[in-house]
Amino acid sequence: QVQLVESGGGLVQAGGSLRLSCAASIRTNWAMGWFRQAPGKEREFVVAINYNGGTTNYADSVKGRFTISRDNARNTVYLQMNSLKPEDTAVYYCAAEPYLATTAKDYRSWGQGTQVTVSS
């Protein structure tokens, strides 16, 4: 099973940017996804990317503001988050699965999460 480690979270003002990284322990051709979970809420899908980066799927709430990319040579997936809003505040998790999926139950490998806090 692939191990995933997220980094790059932090505190930023509304309108600011952050870039999250997710490093995988092994080279994988799996799809990768980002999810987030705010206090008292269910984990929600943010974005996913297929194994070669040719296909992406974004939640409507982040379209035009977030960009996912991957560097398979570095076994790393990135999430560039621009124009951040207070409602983006959550713990962000990356996940891996052989096939592109948009629901948490479909992902078998998860990172430990990284906190993103957007102040107003």
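**Exercise 1. Find which ring the charged end of Arg43 sits over at 4.8 Å from the centre, then look for a second ring under that charge.**

*Solution.* Start with Trp110: the charged end of Arg43 lies over this ring, 4.8 Å from its centre. Keep in mind that you're looking at a predicted model. Now turn to Tyr93, where the charged end of Arg43 sits over the ring at 3.8 Å from the centre. Both Tyr93 and Trp110 belong to one aromatic cluster, together with Phe35, Phe45 and Tyr107.

**Exercise 2. Work out how Phe35 and Phe45 are arranged as an aromatic pair, and decide whether each is buried or exposed.**

*Solution.* Step one, the count: there are five aromatic pairs here. Step two, the geometry: the ring centres of Phe35 and Phe45 are 5.6 Å apart and their planes make 70°. An angle over 60 degrees counts as edge-to-face, and that's the label this pair gets. Step three, the location: Phe35 belongs to strand S4 and Phe45 to strand S5, ten residues apart, and the pair links distant parts of the chain.

Step four, burial. The cut-off for buried is under 20% relative accessible area. Phe35 comes in at 1% relative accessibility, so it counts as buried. Phe45 has 15%, so it counts as buried too.

**Exercise 3. Classify the ring pair of Phe35 and Trp110, and say which strands it ties together.**

*Solution.* Take the numbers: the centres of Phe35 and Trp110 are 5.1 Å apart and the planes are at 55°, so this pair is tilted. Next, the strands: Phe35 is in strand S4 while Trp110 is in strand S10 (residues 109–110), so the pair joins parts 75 residues apart in sequence. Last, check the surface: Trp110 has 27% relative accessibility, so it counts as partly exposed.

**Exercise 4. Name the residues with the most contacts inside the largest nonpolar core, and list the strands that feed it.**

*Solution.* This core has 33 residues, and the ones with the most contacts inside it are Trp34, Leu79, Met81 and Tyr92. Strands that each supply at least two core residues include S3 (18–24), S4 (31–37), S8 (76–81) and S9 (90–97). S5 (44–49), S7 (66–71) and S11 (114–119) do so as well. Why would such residues gather? In soluble globular proteins, nonpolar side chains tend to be buried together.

**Exercise 5. Trace the order of the four-stranded open sheet and pick out its edge strands.**

*Solution.* Walk across the sheet: the order is S1-S3-S8-S7, with antiparallel pairing. Strand S1 (4–7) and S7 each pair on one side only, which makes them the edges. From one strand to the next, the twist averages 15°. Now zoom in on S7 and S8: six bridges join these antiparallel strands. Within S7 and S8, Thr67 stands opposite Gln80.

**Exercise 6. Sort the residues of S11 by covered and uncovered face, then find the strands that pair with S11.**

*Solution.* The covered face holds Thr114, Val116 and Val118, and the uncovered one has Gln115, Thr117 and Ser119. Strand S2 (residues 10–13) pairs with S11 in the parallel sense over four bridges, and Val12 stands opposite Val118. S9 runs antiparallel to S11, joined by three bridges. Tyr92 has Thr114 as its bridge partner in S11.

Technical notes
Residues numbered from 1 in each chain as written. Predicted model: local features only at pLDDT ≥ 70, side-chain atom pairs only at ≥ 80, totals over all residues. Heavy atoms only, no water. Core = buried A, V, L, I, M, F, W, Y, C linked by side-chain atoms within 4.5 Å. Buried < 20%, exposed > 50% of the residue type's maximum accessible area, 1.4 Å probe, protein only. Phe/Tyr/Trp six-rings, centres within 6.5 Å; stacked < 30°, edge-to-face > 60°. Lys NZ or Arg CZ within 6 Å of the ring centre and 35° of its normal. Pairing = 2+ DSSP bridges. Axes fitted to C-alpha atoms, helices over the stretch in contact; angles between N-to-C directions.
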